[in-house]
Amino acid sequence: VKVETDDGIYGLGEAGLSGRELAVIGALRHFREFLIGRDPMQRGRIWQELYRSQYFEGGRVLLAAQSAIDIALHDAFCKYLDIPVVDFYGRKHRYLPTSVTIGICDVNKTLQEAREYKDLGFKILKVKTGHNVDLDIERCIMLREEFGNYFIIRVDANQGYDQDKTIKFYKATQNLDIELIEQPIPVGEEREMGLLPYEIRKIMACDESLKNSASAFKLATDPHTCGIFNIKLMKCGGLSGAFEIARIAQLADIDLFWGCFDESLVSISAALHAAFACHNTRYLDLDGSLDLAEDIVTGGFEIHDGMMSIVAGPGFGFREIL
């Protein structure tokens, strides 16, 4: 999405929601008429009005479209100010490592992909699990056996476990130094997640259950359902929604884990600016653009040996490929 002002400044945004492209385009066309003639300096008010829109109200389609507009408005606003978005909010971090993802596969494929990521300099793996808890345990054990402590290992169970399987996985891998476990139990069963032992909940990240500030408040209410919030811009309507969640997390002493879907440099850069503007950011999983055959911009961020940093420049620091 491109938002252009009457003095020629423009901002770029992105709606990443695979499989729902036509619905997202419909939402953006609806929002287009709403945006024309508005003052982009009032981006906070615009975001609130979009959030209350009746068009696809409450759905992921609306939030992805809203995220695209929010990102574009931030980009244009800070280009006007001639500063990076992260510096407008206050930069708290300059470098953080990102994980890279190994999908659900057998042991041999897991080890093969880990070797490839090691050759590329990455040091944090996020292993997708949730189909077979015994195989999941074996894959993690074999990663430690082959690579020792070279990799930090994170696990994303994708809502594939119940209470018993979550506890089984945790106990079987307790000596493997698993850094975190992402959303093992399905949406709608947050009460069951909240009944897990504290030592599991403190390294557990809520993802699909974390939709907006209202759900963040519920998850953060004592006793905490989890110790980590996974924020994705496409789930919460952009940076504005993400910062609402981040403030609740900071008050509740909950760490932030910034994730993504398959997205371009546009929204990955936006997520990194938001992450670096929050004190309680601890984890990044912003690898969504690495497998794209081509992108629509250059710049935005750099990755060296798995460490992410922001490229200097106004707005989000990316440049459109013409």
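Pro 97 stands opposite Met 307 in strand E14, and this pairing is a good place to start looking around. The model is a predicted one, where local features need pLDDT of at least 70, side-chain atom pairs count only at pLDDT 80 or more, and totals for chains, interfaces and linings use all residues. Residues are numbered from 1 along each chain as its sequence is written, while side-chain values use heavy atoms and leave out hydrogens and water.

**The small sheet**

E3 is joined to E14 by two bridges, and the two strands run antiparallel. Together with E13 they make an open sheet of three strands, in the order E3-E14-E13, with antiparallel pairing. Strand E3 (96-97) and E13 are the edge strands with a single partner strand each, so one side of each has no neighbour in the sheet. Strands here are DSSP runs of type E with at least two residues, helices are H or I runs of at least four, and both are numbered from the N terminus. Two strands pair if DSSP finds at least two bridges between them. As background, strands of a sheet pair through backbone hydrogen bonds, either parallel or antiparallel.

On the other side of the pairing, E13 (residues 301-304) and E14 (residues 307-310) run antiparallel and are joined by four bridges. Their hairpin has two residues between the strands, and Asp 305 takes a positive phi near 50° there. These residues face each other across the sheet:

| Residue | Opposite residue in E14 |
|---|---|
| Pro 97 | Met 307 |
| Glu 302 | Ser 309 |
| Ile 303 | Met 308 |

**The whole chain**

Stepping back, you will find 13 helices and 15 strands in the chain. For 322 residues, a compact globule would have a radius of gyration near 20 Å, and the chain agrees with its 20 Å; the radius is taken over C-alpha atoms, and the globule rule is 2.2 Å times the number of residues to the power 0.38. The C-alpha atoms fill a box of roughly 60 × 40 × 35 Å along the principal axes.

Of the 322 residues, 54% count as buried, meaning under 20% relative accessible area with a 1.4 Å probe, protein chains only. Among contacts (heavy atoms within 4.5 Å) with a separation of 6 or more, 73% link residues 24 or more positions apart.

Definitions and conventions
Buried < 20%, exposed > 50% of the residue type's maximum accessible area, 1.4 Å probe, protein only.
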